[in-house]
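Q: I am new to this structure and would be grateful for a close look at a single part of it, namely the salt bridges. Please set out which side chains take part and how they are placed.

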Amino acid sequence: PHPTCPAREFDLLVCADGVESKTRRLAFNVESNVYHPLDYWGAYFSIPFQGSDGTWSRWFNSHKGRFLWLRPDFTQKRMRVCLSASHPTHPSMKSQATFSKLTIDERKKVCHDIFGDVGWNQIGRILDGMDATDDFYMSEATQIKMPKWSTDNGRIVLLGDAAHCTTQLSGAGTTLALIGSYNLAGSMMQHITNPGSLDDLRTALKSYEQEQRIFVDQADILPQKLICPQSKWGVALMRTTLKMLDRTGVLG
């Protein structure tokens with residue numbers, strides 16, 4: 001038992017503690033097989049809002065697979081920032097094991113090394129704001145692929161990224177988490193006719209997984225080469241294509 005938390009008993013433990021779920025690690029013992037890193041790294045933080053920022057999101061692509069995104073957050077009067085790098089060659093990002101040993105300041109230094117020469121007129125402001133902020137987070141996009149989302153005894157079930165992280169490249173993480181919550185609650189209401197019945201609970205969890213996997217299997221991820229070109233030619237081609245689409249009205 002935990003020294004400050006008394007032991008408690010529950011009929012079902014729902015684990016929604018994300019990609020790095022410690023509960024999944026303890027309950028399923030399959031960690032070496034479920035992680036599928038994509039070598040796509042993202043840093044997320046906020047910087048002060050400026051009057052010139054306006055109401056639109058802005059993004060900038062640079063060669064070597066670099067992608068920068070600024071988005072206004074009017075509730076906090078801040079600008080949300082995403083710095084992404086596809087297949088970076090920085091020595092600190094050779095593996096998640098190496099990167100995980102870095103401090104926050106060391107990770108910010110990595111961002112300086114990778115993004116300092118992208119050539120966007122906002123990069124100085126972004127990196128200065130990053131150094132000053134206290135909400136910095138950086139990680140590698142990693143898919144989670146579990147063979148089963150509930151334990152054999154029917155007492156533990158995974159939900160959201162802990163069960164099926166599709167990464168930010170799918171744009172479906174929050175949607176899948178909400179749908180999963182709905183499916184889990186619906187399956188329990190439908191199949192648990194006897195509150196205490198372990199067989200009913202197992203049936204409900206099986207139904208939840210069958211329904212939810214339909215949505216997860218449809219959550220395709222965007223090709224990294226499409227959104228983060230490695231070459232200057234690739235960046236130029238992407239910008240030309242977007243300009244053509246904009247002129248035709250396809251983009252709205």
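A: Ten salt bridges are present in the structure, which is a predicted model. Several of them can be described by partner, distance and exposure.

Two of the bridges have Arg-80 as a partner. In one, the side chain of Arg-80 meets that of Asp-73, with 2.9 Å from N to O. Asp-73 has a relative accessible area of 12% and is therefore buried, because buried means under 20%. Arg-80 itself is partly exposed, at 27%. In the other, the side chain of Arg-80 meets that of Asp-135, here with 3.7 Å from N to O. Arg-80 belongs to strand E5, residues 78-86, whereas Asp-135 sits in the loop between helix H5 (123-132) and strand E6 (137-144), so this pair ties together parts that are 55 residues apart in sequence. Asp-135 is partly exposed, with a relative accessibility of 29%. Salt bridges with shared partners also link Asp-53, Arg-58 and Arg-125 into one network.

A further salt bridge joins the side chains of Arg-25 and Glu-20, at 3.9 Å from N to O. Arg-25 has a relative accessible area of 37% and is partly exposed. Glu-20 also falls in the partly exposed class, at 47%.

The charged side chains of the protein chain as a whole give the setting for these pairs. There are 28 positive and 26 negative side chains, and the centres of the two sets lie 6 Å apart. Some negative side chains form a surface patch, made up of Asp-105, Glu-106, Asp-128 and Asp-131. These residues are without a salt bridge, because a patch takes in residues that have over 30% relative accessible area and no salt bridge. Helix H4, residues 104-115, and helix H5 each contribute at least two residues to the negative patch. Helix H5 is thus named twice in this account, because the loop that holds Asp-135 runs between helix H5 and strand E6.

Within the patch, Asp-105 can be taken as an example. Asp-105 is part of helix H4 and is exposed, with a relative accessibility of 59%. Asn-61 offers a contrast in exposure: Asn-61 lies in strand E3, residues 58-62, and is buried, at 3% relative accessibility. Asn-61 and Asp-105 are separated by 44 residues in sequence and by 25 Å in space, from C-alpha to C-alpha.

The surrounding fold may now be described. The protein chain contains ten helices and seven strands, and its C-alpha atoms fill a box of roughly 65 × 50 × 35 Å along the principal axes. Of the 252 residues, 42% are buried. Among the contacts with a separation of 6 or more, 69% are between residues 24 or more positions apart. The accessible surface of the protein chain is about 14900 Å², and carbon and sulfur atoms account for 57% of that surface.

To return to the salt bridges, Arg-80 meets both Asp-73 and Asp-135, and Arg-25 meets Glu-20.

Note on methods. Residues are numbered from 1 along each chain as its sequence is written. This is a predicted model: local features need pLDDT of at least 70, side-chain atom pairs count only at pLDDT 80 or more; totals for chains, interfaces and linings use all residues. Side-chain values use heavy atoms; hydrogens and water are left out. Helices (H or I, at least four residues) and strands (E, at least two) are DSSP runs, numbered from the N terminus. Buried means under 20% relative accessible area, exposed over 50%, partly exposed in between (1.4 Å probe, protein chains only). Contact means heavy atoms within 4.5 Å. Accessible areas come from the Shrake-Rupley method with a 1.4 Å probe; for residues, only the protein chains shown count as cover. Lys and Arg count as positive and Asp and Glu as negative; His and the chain ends are not counted. The place of a charge is taken as NZ of Lys, CZ of Arg, CG of Asp or CD of Glu. A salt bridge is a side-chain nitrogen of Lys or Arg within 4 Å of a carboxyl oxygen of Asp or Glu. Patches are made of residues with over 30% relative accessible area and no salt bridge: like charges are joined within 9 Å, nonpolar side chains (Val, Leu, Ile, Met, Phe, Trp, Tyr) within 5 Å.
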